[in-house]
Every structure is written in structure tokens, then in C-alpha cells.
Amino acid sequence: MNCKRQRDSENAEKGKKRNKREERAELSALLEDEDVKREVKESWSQRAQYSHGDLELDCHPFPHLLIRNFIQGDSFTENLQRELLDLNFHEKSNDLYKFNQSDDLKKRKEPHITGLRAALFGLFRSWLGEVLGVELEPIVDVSCAKYQYTDVLLCHDDELEGRRVAFILYLVPPWESSDGGTLDLFSTDDHFQPHSVVKSLVPSWNTLILFEVSPISFHQVETLLLEWLNPLYLDVDYQSQVQQEFEDSSEIQLKNFLKEEKFKEVSEALRLTDVQWTKQGPPNRRCYEVASLESFPQCVSACWELLCSEAFFLLLSNFTGLRLHYLSPSDEDEEEEKDQEDEEEGEATGSSGDTPSANKNNKGVLLVCVCTLPKKKPSTPVCVGELRRWAHGDYTLLHDGDASKAEYALDLLLPLSCPDWQTEFGGFTSYIANEEDEELLMVYPEENSLALVYRDKETLKFVKHINHRSSTLPIGDSCRRAVYDFSFVYYE
């Protein structure tokens with residue numbers, strides 16, 4: 001009898017300690033309603049609308065579900081928000097986004113974070129698996145992101161690393177659409193590329209939004225593409241015109257590609273800041289200078305990240321029709337999909353896409369969670385690039401190692417600081433067929449003109465020697481009469 005009392009006492013103490021480590025998160029009673037679960041599952045599979053109390057399912061432009069009052073009890077959500085705001089946040093910034101993010105929440109010991117994590121890993125993951133009709137991985141990716149004024153997350157579709165469903169739990173003060181931060185959902189065009197925002201969801205306290213992750217689930221929280229690029233090149237119809245012209249000739253020059261103020265900012269930074277340059281050789285192959293990535297001024301670094309980002313890969317795919325990103329449809333994919341659908345249904349069918357927008361209130365907290373499902377890992381985009389400086393006497397030569405290992409490649413060239421460049425100066429990029437002398441194409445330096453050239457492994461290139469005539473260029477504030485360019489090669 002005494003032993004039993006002792007065990008009961010020990011268990012009670014363990015329970016108290018456990019309670020100190022974890023506060024139980026009671027999720028919406030709708031998740032335990034079998035009738036609601038059945039209706040959501042059926043509606044999701046049939047791409048039909050459904051609503052019941054605080055739960056709303058809509059499948060336009062792609063399936064997404066909203067659950068208000070996701071966590072029961074104001075006390076828990078208020079304490080959860082407090083614990084999240086007390087975390088250390090790190091600024092995340094590149095071409096696609098700018099916001100602050102916490103460390104991974106999987107190992108956090110705060111009682112309310114621990115309680116939420118247990119609920120997400122348990123009841124909620126199980127409910128999702130039944131609704132989707134799939135077996136989800138036991139682990140849920142959980143992080144906390146804080147968006148403040150001017151922060152942004154641009155158009156993307158979240159289809160990375162086997163993700164099946166993405167969901168966001170909003171812990172924000174009273175919110176209006178004018179505050180920014182709306183979750184913008186995009187429709188897609190005939191090529192399954194994002195076309196326009198067709199629905200915007202305004203963040204609200206203790207509301208969870210989840211959506212299916214697929215190649216068409218495009219969403220955003222503002223984009224650096226909008227910040228950097230001439231709006232003309234973000235127009236879907238104009239992209240189709242560019243693609244048609246490119247497909248006809250395998251090359252194109254896109255004039256005034258960057259916004260004028262951004263282009264001037266980068267050009268001035270290269271001339272006036274202390275960038276570290278390294279001479280490239282040996283002289284029997286090349287002679288020019290390359291900038292050290294670590295010494296880039298901030299605006300130059302941002303431009304570099306733009307040109308080697310996944311968002312830019314997708315944009316280049318739209319310009320060229322090439323499959324430079326695994327999310328870009330290929331002719332083979334479309335043919336295989338059509339053949340399969342013809343066999344199974346006797347006809348081909350299509351679908352649509354999504355995007356979230358940026359939060360501009362400095363009190364907003366977004367808890368972003370992603371469920372994953374094992375599947376074949378997608379291919380990763382590949383590119384190599386240099387920021388180069390050219391002056392009198394510089395050049396590149398053809399040599400035995402020029403033939404690329406890749407069957408095909410897309411060259412990108414973006415010149416800077418060459419407004420008065422003349423053809424007689426040299427410095428143009430010449431393309432020739434392997435073991436042939438005839439020039440197939442010459443690309444001359446042109447201010448803020450993005451040149452794209454598609455070539456096979458038998459097509460070689462060199463930069464013509466910059467001759468003494470270039471010394472007539474004005475020196476300005478630079479110690480050298482120099483021009484610059486971003487040079488990238490993208491591989492399918």
C-alpha cells in the first residue's frame with residue numbers, strides 16, 4: 001500500500017513537471033467532427049466548395065482551407081504569441097523575400113510552443129492525412145516568421161523538398177487589407193505560369209490557412225522581381241512575345257531590362273566603391289578581371305542574387321521556352337500528361353495556381369508550418385556566373401577546353417557602364433561553330449540590355465580584344481576606362 005502511494009506521488013510529481021514543460025493546445029472541435037472531416041475530404045477530392053462554421057474550403061484558383069479560431073482559448077494563443085516574440089529572429093533576405101525568421105521550433109522548450117508543436121505533429125497531421133488520403137511524414141516543418149513594414153515574400157509555389165501541404169497560422173493584431181500582408185492567390189495561364197491575383201486573404205488572429213502544394217500553387221508576399229525589373233518584362237503577354245522571338249532565332253536582347261534607378265545604382269556602386277578585382281589568366285586563354293563576391297556592395301549583391309535565383313530561373317523559362325527549372329513545363333511533360341489522360345479518361349484536362357502578399361505592420365507574427373510527403377527529389381537549377389571588368393587590352397581566346405560538358409546552355413550577359421561603346425572598340429562576344437572560322441553571332445556591349453543566347457556544346461565563344469580606340473571613352477570618377485558585365489551560364 002505504501003509502495004502504491006509512493007508511485008502515485010511520483011507520478012503526480014512527473015505530471016507537474018511535464019505540465020511545466022508543455023501546455024496542451026486544444027485545437028478547433030471541427031477537427032474531431034467526423035461528419036465535417038468526411039465532407040472536407042470529399043469536397044477537397046472533388047475540388048468543390050464547402051463551409052461549416054469557422055471552416056471554409058475553396059478550390060479556386062487551387063484548393064485552400066481556412067479555419068478560424070484554430071486554437072481554443074485566448075489565453076493559450078496570447079501566451080504563444082508572447083513566447084514567439086521573445087525568440088531570437090534572424091533577417092532573411094534575397095531576391096524572393098525579406099523578413100525575420102526564428103530558429104527551428106522543433107527543439108524549443110517553451111510550454112506553449114511545445115504544446116502547439118505536439119498538436120500539429122499529432123491530431124492536426126493525422127487529420128490532414130485523412131482529408132488528403134495520403135500518409136504524411138511524422139515530422140512537420142515549423143518556423144516562425146515576423147513581417148514588418150516593407151518586408152516581402154514574392155510569388156512562389158512552395159513545391160520544394162517533397163512538400164505536400166503548406167499552412168500558415170496567423171497571430172496578428174486587428175488587421176486590414178491596407179496593412180499589406182494579404183495572402184494573394186494566383187491564377188495560371190495555359191503554360192501553368194502565374195498570371196494574376198484572383199483572391200487575397202487578409203490575415204486575422206488565430207486563423208489557419210492551408211493549401212495544396214503543386215506546380216501551380218503560386219503565392220507571394222511581394223517580389224524583388226517587381227523591385228528590380230522593368231515592369232514590361234513581367235507582363236505575361238509580353239513574355240510570350242519574347243519567347244516566340246527567342247524560339248525563332250535562339251537569341252534575343254532585352255533592352256532597358258532593369259529599372260533605370262536600379263541600373264544606375266549598381267553602375268555607380270561598381271565605379272565608386274572598393275570592389276576587389278582579380279586578374280584572370282593565363283594569357284593564352286583570357287585576360288580580364290573578376291570581382292570577389294565577398295566585396296560586392298549591397299545593391300550589387302542583390303542584383304547578383306536576383307540573376308541566380310530560382311525566381312529568375314522561372315522567368316528565363318518564360319522568356320525562352322527552355323526548362324531551366326523543374327517547375328517549368330516541358331513539351332515532353334505536356335505530351336506525356338496528355339497521352340496518359342487520353343488513355344485514362346479519353347480527354348485532357350487543365351488546372352490553376354496561387355500566391356501570398358507582404359505584411360507591412362511591424363506587430364505582425366506569422367507562424368508558418370509545412371507538412372512533407374516523401375517523393376522523388378526535384379532537380380536543382382544550375383548556373384555559374386561572374387561579375388567582370390573589362391578595359392583596353394582585355395580579351396578571351398578559344399582553347400581545347402572550351403567545349404561544354406552540357407549538351408545545351410543559355411548564356412546571359414548584362415553590360416554596365418558602356419553608354420558610348422562603339423563597335424570598333426572590340427569587346428564584343430563572338431559565337432562560332434567548333435572548328436569553323438565563320439562567326440554565327442556577335443553580341444555587342446549595350447547599356448542595360450540583357451542578352452540571351454542558346455547554344456549547344458559545339459558552339460564556342462570568345463570576347464574580342466578591346467583595342468586602343470576604347471581609350472577615347474571618358475574616364476569619369478574611375479581610375480580606369482572600364483566597362484562591366486554580369487555573365488551567367490544556365491543549364492537545363
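What follows is a walk through the aromatic pairs, strand pairings and nonpolar cores of this structure. Keep in mind that this is a predicted model.

Let's start with the rings. The count of aromatic pairs comes to 17. One of them joins Phe124 and Trp127: their ring centres are 6.3 Å apart and the planes meet at 15 degrees, so this pair is stacked. Planes under 30 degrees apart count as stacked, which is where the label comes from. Both residues belong to helix H4, residues 111-132, and because they are 3 residues apart there, about one helical turn separates Phe124 from Trp127. Phe124 and Trp127 are both buried.

Now swing over to Phe296 and Trp304. Here the ring centres are 5.6 Å apart, but the planes stand at 70 degrees, so this pair is edge-to-face. The cut-off for that label is over 60 degrees. Phe296 and Trp304 are both buried as well. Elsewhere, five rings join up: Tyr233, Tyr238, Phe257, Phe312 and Phe319 make one aromatic cluster.

Some rings have a charge for company. Lys146 places its charged end over the ring of Phe89, 4.5 Å from the ring centre. Trp228 has Lys262 over its face, with 4.7 Å to the ring centre.

Next, the strands, with S17 (residues 382-390) as our guide. S17 runs antiparallel to strand S15 (residues 286-291), and 2 bridges join them. If you want a spot to click on, Glu289 stands opposite Arg389 of S17. S17 also pairs with strand S24 (residues 483-491), again in the antiparallel sense, over 9 bridges. In that pairing, Cys383 has Tyr490 of S24 as its bridge partner.

Tyr490 takes us straight into the nonpolar interior. The largest nonpolar core has 44 residues, and Tyr490, Leu452 and Phe486 are the ones that touch the most other members. What does Leu452 touch, leaving aside residues up to four places away in sequence? Its contacts include Phe246, Ile252, Leu254, Leu316, Leu410 and Leu412, along with Ser250, Glu251, Thr320 and Asp411. Phe319 is on that list too, and you met Phe319 earlier in the aromatic cluster. Apart from this core lies another one, of 39 residues, with Leu116, Leu120, Val142 and Phe167 among them. As general background, nonpolar side chains in soluble globular proteins tend to be buried together.

How values were computed: Residues numbered from 1 in each chain as written. Predicted model: local features only at pLDDT ≥ 70, side-chain atom pairs only at ≥ 80, totals over all residues. Heavy atoms only, no water. Phe/Tyr/Trp six-rings, centres within 6.5 Å; stacked < 30°, edge-to-face > 60°. Helix = DSSP H or I, 4+ residues; strand = E, 2+ residues; numbered from the N terminus. Buried < 20%, exposed > 50% of the residue type's maximum accessible area, 1.4 Å probe, protein only. Lys NZ or Arg CZ within 6 Å of the ring centre and 35° of its normal. Pairing = 2+ DSSP bridges. Core = buried A, V, L, I, M, F, W, Y, C linked by side-chain atoms within 4.5 Å. Contact = heavy atoms within 4.5 Å.
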